[in-house]
Amino acid sequence: MAIKELAGFKIVVAGGDERETVLALELAKQEAKVWLYGFSRDNKYLLENLSFGLPPRADVIILPLSGLDEDGNFRAADGQKKINLGLLETLFFPGVLLICGHISRRQQDYLNAKGVKLLAAGSIEELAVLNAIPTAEGALAFAINNSPLTLCGSSVLVAGFGRCAKPLARLLKAFGARVTVAARKRKDLALARTLGYRTAEFTDLQINSDKFDFIFNTVPAPVINGKVLQNTHENSLIIDLASSPGGTDFTAAKKLGLKAFLLPGIPGKTAPVTAGKILAEVYVHYIALFMKGGSADETCR
């Protein structure tokens, strides 16, 4: 990360979780002037060189990586309330850069009409790859703390074989689990086989789901559906890591008495310092690029 690359920039960090707090501190180290909105003043990570509230103007507005819902709401840092995008309207001057994980088309149109430039952080490949490690470690920590079984010697299903699933499967195998990877693409199944994993197609899961002690889903599509869950044994632990609403039929799981959990934002819960520093590393690059007159890649509109 370049030293003092953001000196003099006015940046608002609005909402999020502890990783956004760490992000704010890292931005301040770059000598940016940072305001926090939707944060508690007694947060254990905060330092005196951060301001609270909203400035008259800002160069950059950073919203949570978890993104906005359809009504333009995002979570405050204390997790107890939501903040609406409209509360930041006084900052929406032409040319201001807004960074957000996920944002609906309606909200994009609203911001575009005001001349706000958007950086969709959820589409940055670099960020997704770096976040995969704290996500995988957090998922394993949750599994260990919520199952009477050890991962070592257990039969584990990893649904999907993308950016998050690959390090997850690797860590599970290192723990001594018997890992089966389910994927749609034949090339992903072939790669999984070469790495020493068992493989299955999604259609196989309706018959074979009773074999797994743990099921980790990373696919944002309904792959762990009612038919799969009907054969899942009652002591299995299902952990869904896909973006909300996940790929598990949670209604069916509840009716069947299965333990199924959707775990959004794991890095911010289990490794906020690492996750926040990852955000800072990536965001500083794109902010500096944008402010120098360049385009923040294809994710910036």
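The following dialogue examines how the terms applied to this predicted model are justified.

Trainee: What should be known about the model before its features are discussed?

Mentor: The model is predicted, and local features need pLDDT of at least 70, side-chain atom pairs count only at pLDDT 80 or more, while totals for chains, interfaces and linings use all residues. Residues are numbered from 1 along each chain as its sequence is written, and side-chain values use heavy atoms, with hydrogens and water left out.

Trainee: How do you know what pLDDT the protein chain averages?

Mentor: The pLDDT is the predictor's confidence in each residue, from 0 to 100. The protein chain averages 90, and 92% of the residues score at least 70. Over residues 296-301, however, the pLDDT is below 50, although this stretch has 21 contacts in the model beyond near neighbours in sequence. Contact means heavy atoms within 4.5 Å. Where pLDDT is low, the predicted coordinates should not be read in detail.

Trainee: What makes β1 and β2 paired strands?

Mentor: Strands are DSSP runs of E with at least two residues, helices are runs of H or I with at least four, and both are numbered from the N terminus. Two strands pair if DSSP finds at least two bridges between them. Strand β1 (residues 10-14) and strand β2 (residues 33-37) are joined by 5 bridges and run parallel, so the criterion of at least two bridges is met. Within this pairing, Ala14 stands opposite Tyr37 in β2. Strand β3 (residues 51-52) pairs with β2 over 2 bridges, also in the parallel sense, and Ser51 in β3 is the bridge partner of Trp35.

Trainee: Why is the unit of β1, helix α1 and β2 called right-handed?

Mentor: A crossover is right-handed if, with the strands pointing away from the viewer, the path from the first strand over the helix to the second runs clockwise. The β-α-β unit made by β1, helix α1 (residues 18-29) and β2 has that hand. In the loop between α1 and β2 lies Glu31, which has a positive phi of about 70 degrees although it is not a glycine.

Trainee: What makes β3 and β8 the edges of their sheet?

Mentor: The sheet is open, with 6 strands in the order β3-β2-β1-β4-β7-β8 and parallel pairing. At its edges, β3 and β8 (117-120) each have a single partner strand, so one side of each is left without a neighbour in the sheet. Further inside that order, strand β4 (residues 60-62) pairs with strand β7 (residues 97-100) over 3 bridges in the parallel sense, with Ile61 opposite Leu98 in β7.

Trainee: What is the order of strands in the sheet that contains β11 and β14?

Mentor: That open sheet of 6 strands has the order β11-β10-β9-β12-β13-β14, with parallel pairing. Its edges are β11 (198-200) and β14 (259-262), each with a single partner strand, so one side of each has no neighbour in the sheet. Neighbouring strands are turned by 20 degrees against each other on average, direction ignored. Strand β9 (residues 155-159) is joined to strand β12 (residues 214-217) by 4 bridges, and Val156 stands opposite Phe214 in β12. Strand β13 (residues 237-240) is joined to β14 by 4 bridges, with Leu237 opposite Lys259 in β14.

Trainee: Which helix joins β13 and β14 in a β-α-β unit, and where does Pro245 lie?

Mentor: Helix α8 (residues 250-255) makes a right-handed β-α-β unit with β13 and β14. Pro245 lies in the loop between β13 and α8, and a cis peptide bond with omega of about 10 degrees joins Ser244 to Pro245.

Trainee: Why is α3 described as roughly antiparallel to α10?

Mentor: Helix α3 (residues 125-145) and helix α10 (residues 272-291) pack at an angle of about 170 degrees, with their axes 10 Å apart. Axes are lines fitted to C-alpha atoms, for helices over the stretch in contact, and angles run from 0 to 180 degrees between N-to-C directions. Angles under 35 degrees count as roughly parallel, over 145 as roughly antiparallel, 65 to 115 as roughly perpendicular and the rest as oblique. The angle therefore makes α3 roughly antiparallel to α10. Residues making the contact include Leu127 and Leu130 of α3 and Ile278 and Leu279 of α10.
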